Amino acid sequence: MTETEGVKKIVKNSLDDCKRALFEMYGYDYSIVRHFEVKKDHFLGLWSKPKMCVMYQVKPRSTLAAPSYNEVSGDKDYLLRLATKQYAEEEDDRLQKNREAILNQNTSTLVTAQMQQMSQMQAALEQVQETLNRQAFSASSEKHETIARIEELLADNEFSYSYINMISDKIRKTFSLEQLSDFELIEKCVVDWIGETIEVDKGHHVRPPHITIIVGPTGVGKTTTLVKLVAAQVIAYKNSGRKYEARLITTDYSRVGALDQLKHFGEIFHIEVNKAENVDDLKKLLDSYRLHSDGIFIDTGGYSPNDSVHIGKLKDCVSVPGVTPDIYLAFDAKTKCSDLKNIMNNYEPFAYNSVIVTKCDESKLYGNIISSLYEKHKKIAYITDGQNAARNLEKADPVYFLERLKGFNLDMDHIREHFNNSEEN
């Protein structure tokens, strides 16, 4: 095949050899048009060992966008995947903006109908993105060995394919081919990157009474978690020599024994407990507590994340005019990634500040949590571990998740120093 205008060729022993030579000459400033095997007559009419011919074009630097490994590899299907993924991301942005507009209107009818429809659309788009990234993950023939090993480690830790693809792209854009041979270097940087994607809610100072609400699906331990938050405040104030004036309210009218469970804890900590069945009840209780409480903690009923009717009613019940509570979404650490995203989408009407991950003692892998929080742009405030109401509540910390990564060679001294310094700054 002869060279045409703007198209050049290079012949080496293999496709990888061709790419390596092109990278050394042009960096990422080239694109592969096609590649094929060539054979040449050898001495005495024998065929020599096949070589690889690559036809390529040099790109003007001014027109370059951030390249990907697949683009450099000449993967023609990549453009289709990129276009589809870009469309999905743009649609996701539109849905988020529409979601915010609906939240501001604050009516259960809109929450019930429009939010449910938007959540279904968003779930479908996220499924498209995850399918595209799963396909990219499976196409391992063109991947550098180091990238393939990192991707396998991330998959073993149950990170989503979207998250794995993000890390892979970052490796390709950050390191040269020569640096990719240093697996320990790449591994250490990837662990740092994972930690940097974990955004922690460090809380903020508010004037009393500080109102806290926990929402989330049924069975994730919302009531126990709420009590742990109360106990943490009671103990902290006791250590400082002052009594913490707290109040407990439940809006859970569907679960048998919900009020009795809270009253049991209220007796232990000498805290008044009441029940609110609607927004008027809640407003009256908040008005009566406002002047003589440090903290008011509101427990809520648990519903399926797809039960938009009850979620809408709960949203109306806790939407007291003039009240700006801290709202946390609680979910079980064992929940798989796709379900976590669905939960986050469907509880979005509450405009929750951050999340609390419960039952961490029942899980050993946390890629599902890290991936979901990163992709949904949510912070994590607390983790719970065990059933003891006076203990087993910790403020979230990236180190907690990093030291539990499976299969990674972890430099814990570096990790603690890196992320402790980050918190201080």
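Residues 24 or more positions apart make up 73% of those contacts in the protein chain that have a separation of 6 or more. The model is a predicted one. Its protein chain holds 15 helices and eleven strands. Of its 425 residues, 47% are classed as buried. The accessible surface of the chain amounts to about 22100 Å², and carbon and sulfur atoms contribute 49% of that area.

Eight of the strands are arranged in an open sheet with mixed pairing, in the order E6-E5-E7-E4-E8-E9-E10-E11. The edges are taken by strand E6 (272–275) and strand E11 (393–395); each has a single partner strand, so one side of each lacks a neighbour in the sheet. From one strand to the next, the twist averages 25°. In general, the strands of a sheet pair through backbone hydrogen bonds, in either a parallel or an antiparallel manner.

Within this order, strand E4 (210–215) sits between E7 and E8. E4 and E7 run parallel and are joined by five bridges. In this pairing, Ile214 stands opposite Asp299 of E7. On the other side, E4 pairs with E8, also in the parallel sense, over four bridges. Here Ile213 has Ile327 of E8 as its bridge partner. Strand E4 is mostly covered, with five of its six residues buried.

Further along the sheet, strand E9 (residues 354–358) pairs with strand E10 (residues 379–384). The sense of this pairing is parallel, and four bridges are involved. One of the residues concerned is Ile356, whose bridge partner in E10 is Tyr382.

Helix H8 (residues 222–239) lies across seven named strands of the sheet, which are E4, E5 (246–250), E7 (295–299), E8 (326–332), E9, E10 and E11. Relative to E7, helix H8 runs at about 170°.

Helix H12 (residues 337–346) is also mostly covered, as eight of its ten residues are buried. The buried set includes the hydrophobic-named positions Leu340, Ile343 and Met344. The buried residues of H12 further include Cys337, Lys341, Asn342, Asn345 and Asn346.

Two buried residues outside the sheet were examined individually. Ile167 belongs to helix H6 (residues 161–174). This residue is buried, with a relative accessible area of 0%. Apart from neighbours within four places in sequence, Ile167 is in contact with Ile150, Leu154, Val190 and Trp193. Ile167 and Ile147 are separated by 20 residues in sequence, and their C-alpha atoms lie 9.2 Å apart in space.

Asp192 is located in helix H7 (residues 183–196). Although buried, Asp192 has no salt bridge. The nearest side chain of opposite charge is that of Lys188, at 6.4 Å, whereas a salt bridge requires a side-chain nitrogen of Lys or Arg within 4 Å of a carboxyl oxygen. When neighbours within four places in sequence are set aside, the contacts of Asp192 are with His414, His418 and Phe419.

Terms used:
Residues numbered from 1 in each chain as written. Predicted model: local features only at pLDDT ≥ 70, side-chain atom pairs only at ≥ 80, totals over all residues. Heavy atoms only, no water. Pairing = 2+ DSSP bridges. Helix = DSSP H or I, 4+ residues; strand = E, 2+ residues; numbered from the N terminus. Axes fitted to C-alpha atoms, helices over the stretch in contact; angles between N-to-C directions. Contact = heavy atoms within 4.5 Å. Buried < 20%, exposed > 50% of the residue type's maximum accessible area, 1.4 Å probe, protein only. Lys, Arg positive; Asp, Glu negative; His and termini not counted. Areas by Shrake-Rupley, 256 points an atom, 1.4 Å probe, with all protein chains shown as cover.
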